[in-house]
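I opened this notebook to keep a record of what I looked up in one structure, step by step. The entries follow the order in which I asked my questions.

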Amino acid sequence: LTLRVDRGLDEYSPEMDFLREFYGPAFSRLSAQDVSETLDRAAKDSRVKGLVMALEGGGVDLAHIQDIRGALKRFREAGKFAYIYSPSYAEFGQGMGAYYLASAFDEIWMQ
């Protein structure tokens, strides 16, 4: 499973996003709820062996980080690996939030 976070995370995914209608799904951002629910489903899916996440931009709120860390813990407890990559863990404007998120992964990669 791969996950790229390059524009931050929203609180939730609205059913009908105005801009999505004009620009398509590439414009919309993931929500923390999307990530958590996906990790929970993937933990039970035998086709999914692990997760590689690219954290490449945008801020992630502490509440979202804590939610994702909980889902990531359940994912790893299912015996699946989790790796994270980011060009930097200190430039997201959220203090040490990106590194706190990264600390829940098996491996942390950085250029």
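**Entry 1: Leu39 and the core**

I began with Leu39 and, leaving aside its neighbours within four places in sequence, I found it in contact with Leu1, Leu51, Ile68, Ala71, Leu72 and Phe75. I note here that the model is a predicted one, and I keep that in mind for every entry.

I then asked which residues of the largest nonpolar core touch the most other members. This core has 25 residues, and the ones I was looking for are Leu39, Leu51, Met53, Leu55, Leu72, Phe75 and Phe105. Looking at where the core comes from, I saw that β1 (2-5), α2 (32-44), β2 (50-55), α3 (62-77), β3 (81-86) and α4 (97-102) each supply at least two residues. Helix α3 gives the most, with 5 residues.

**Entry 2: the overall layout**

I stepped back to the whole protein and listed 4 helices and 4 strands, which run β-α-α-β-α-β-α-β from the N terminus on. Of its 111 residues, 36% count as buried. Among contacts between residues at least 6 apart in sequence, 71% join residues at least 24 apart. For the outside, I wrote down an exposed area of about 6,800 Å², with carbon and sulfur atoms supplying 53% of it.

**Entry 3: strand β1**

Which side chains of β1 are buried, and which are not? I found that Leu3 and Val5 point to one face and are buried, while Thr2 and Arg4 point to the other face and are not. This fits what I had read, that in a regular strand the side chains alternate between the two faces of the sheet. I also looked up the partner strand: β1 and β2 run parallel and are joined by 4 bridges, and Val5 stands opposite Leu55 in β2.

**Entry 4: salt bridges**

My search of the whole structure gave 4 salt bridges, and I looked at some of them in turn. Side chains of opposite charge can pair when their charged atoms come close.

In one of them, the side chains of Asp40 and Arg74 meet at 2.9 Å, N to O. Asp40 lies in helix α2 and Arg74 in helix α3, so this pair ties together parts that are 34 residues apart in sequence. Asp40 is partly exposed at 26% relative accessible area, and Arg74 is partly exposed as well, at 41%.

In another, Asp106 and Arg76 meet at 2.5 Å, N to O. Here Asp106 sits in the loop between α4 and β4 while Arg76 belongs to helix α3, so the pair ties together parts that are 30 residues apart in sequence.

I also noted Asp45 with Arg47, whose closest N and O atoms are 2.8 Å apart. Why does Arg47 count as exposed? Its relative accessibility is 71%, and exposed means over 50%. Asp45, at 21%, counts as partly exposed.

**Entry 5: Ser103 and a surface patch**

Last, I turned to Ser103, which I placed in the loop between α4 and β4 (107-110). Ser103 is partly exposed, with 39% relative accessibility. Leaving aside its neighbours within four places in sequence, Ser103 is in contact with Arg69 and Ile108. Ser103 and Ile84 are 19 residues apart in sequence, and their C-alpha atoms are 9.2 Å apart in space.

Ile108 came up again in a nonpolar patch on the surface, which Met96, Tyr99 and Ile108 form with about 300 Å² of accessible area together. Tyr99 lies in helix α4 and is partly exposed, at 41% relative accessible area.

Definitions and conventions:
Residues numbered from 1 in each chain as written. Predicted model: local features only at pLDDT ≥ 70, side-chain atom pairs only at ≥ 80, totals over all residues. Heavy atoms only, no water. Core = buried A, V, L, I, M, F, W, Y, C linked by side-chain atoms within 4.5 Å. Buried < 20%, exposed > 50% of the residue type's maximum accessible area, 1.4 Å probe, protein only. Contact = heavy atoms within 4.5 Å. Patch = residues over 30% accessible without salt bridge, like charges linked within 9 Å, V, L, I, M, F, W, Y side chains within 5 Å. Areas by Shrake-Rupley, 256 points an atom, 1.4 Å probe, with all protein chains shown as cover. Pairing = 2+ DSSP bridges.
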